[in-house]
Amino acid sequence: MVILSILILNKAGGLIYQRHFNEGLNKLSSNDYLVLAGTFHGVHAITSRISPVPGSGGLEVLESDQFRVQCFQTLTGTKLLIFAEPHQPNIDVICRRVYELYADYVMKNPFYQIEMPIRCEQFDRQLVAYIKPKQ
């Protein structure tokens with residue numbers, strides 16, 4: 001499994017978490033990551049409205065020759081963006097596991113304020129423990 005990066009966006013499209021796991025992606029500035037999050041949020045919202053399928057959730061997968069972006073949107077509107085290699089198998093399973101870690105270690109943290117940047121060491125440790133051994 002080669003996961004390059006994980007971003008978590010709040011329901012307003014703000015970047016609340018960003019972590020690299022591989023050197024495959026170019027490093028961007030903090031401002032660039034904020035722009036990326038806002039842009040993806042906007043494109044996701046537009047694609048959910050123009051979809052010919054009623055109830056479509058919007059843009060879910062963006063593929064290129066170099067990487068693949070998988071979006072997992074929760075019922076609360078939080079989006080998990082996983083950047084992986086183009087032919088990464090079972091990325092939907094990875095998305096669900098990352099969401100489980102988010103729910104267990106971030107949302108159950110009494111000190112976490114909803115929609116604010118995630119600063120939870122236990123979440124970081126569990127996420128690294130899940131992603132790194134599989135790389």
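**Figure 1. Length of helix H1 in the predicted model.** Helix H1 comprises the 21 residues 30–50. At 1.5 Å a residue, H1 should span 30 Å, and its end C-alpha atoms lie 31 Å apart, which agrees with that expectation.

**Figure 2. The buried and exposed sides of helix H1.** The close-up shows Tyr33, Ala37, Phe40, His41 and His44, which are buried in H1. The C-beta directions of these residues cover an arc of only 100 degrees around the axis, which puts them on the same side of H1. An α-helix has 3.6 residues a turn, so residues three or four places apart point the same way. On the other side of H1, Asn31, Ile46, Arg49 and Ile50 are exposed. Four strands pack against the buried residues of H1: S1 (3–9), S2 (15–20), S4 (68–73) and S5 (79–84).

**Figure 3. Surroundings of His41 in helix H1.** His41 belongs to the buried residues of H1. Its relative accessibility is 19%, and His41 therefore counts as buried, the limit being under 20%. When residues up to four places away in sequence are not counted, the contacts of His41 are Lys11, Ala12, Gly13 and Lys79.

**Figure 4. The buried residues of helix H3.** Helix H3 is formed by residues 121–131, and its buried residues are Phe123, Leu127, Tyr130 and Ile131. These residues cover an arc of only 90 degrees around the axis, which puts them on the same side of H3. Among the elements that cover the buried residues of H3 are strands S1 and S2, together with helix H2 (91–107).

**Figure 5. Packing of helices H2 and H3.** Two packed helices are described by the angle between their axes and the distance between the axes. The axes of H2 and H3 come within 9 Å and cross at roughly 155 degrees. Angles over 145 degrees count as roughly antiparallel, and H2 and H3 are therefore roughly antiparallel to each other. The crossing of this pair, H2 and H3, is right-handed. From H2, the contact involves Val93, Ile94, Arg97, Val98, Leu101, Tyr102, Tyr105 and Val106. From H3, the residues that meet them are Gln122, Phe123, Gln126, Leu127, Tyr130 and Ile131. Phe123, Leu127, Tyr130 and Ile131 of H3 thus appear in this contact and are also the buried residues of H3.

**Figure 6. Asp65 and Pro86.** Asp65 lies in the loop between strand S3 (61–63) and strand S4. With a relative accessible area of 73%, Asp65 is exposed. Although Asp65 and Pro86 are 21 residues apart in sequence, the C-alpha to C-alpha distance between them is 6.5 Å.

**Figure 7. Positive phi at Asn90.** Asn90 is not a glycine, yet its phi is positive, at about 55 degrees. The residue is found in the loop between strand S5 and helix H2. Asn90 has a relative accessible area of 55% and is therefore exposed, the limit being over 50%.

**Figure 8. Positive phi at Glu115.** Glu115 has a positive phi of about 75 degrees and is not a glycine. Its place is in the loop between helices H2 and H3. At 25% relative accessibility, Glu115 counts as partly exposed.

Notes: Residues numbered from 1 in each chain as written. Predicted model: local features only at pLDDT ≥ 70, side-chain atom pairs only at ≥ 80, totals over all residues. Heavy atoms only, no water. Helix = DSSP H or I, 4+ residues; strand = E, 2+ residues; numbered from the N terminus. Expected span 1.5 Å × (residues − 1). Buried < 20%, exposed > 50% of the residue type's maximum accessible area, 1.4 Å probe, protein only. Arc of directions from axis to C-beta. Contact = heavy atoms within 4.5 Å. Axes fitted to C-alpha atoms, helices over the stretch in contact; angles between N-to-C directions. Parallel < 35°, antiparallel > 145°, perpendicular 65-115°, else oblique. Left-handed = near helix turned anticlockwise from the far one by under 90°.
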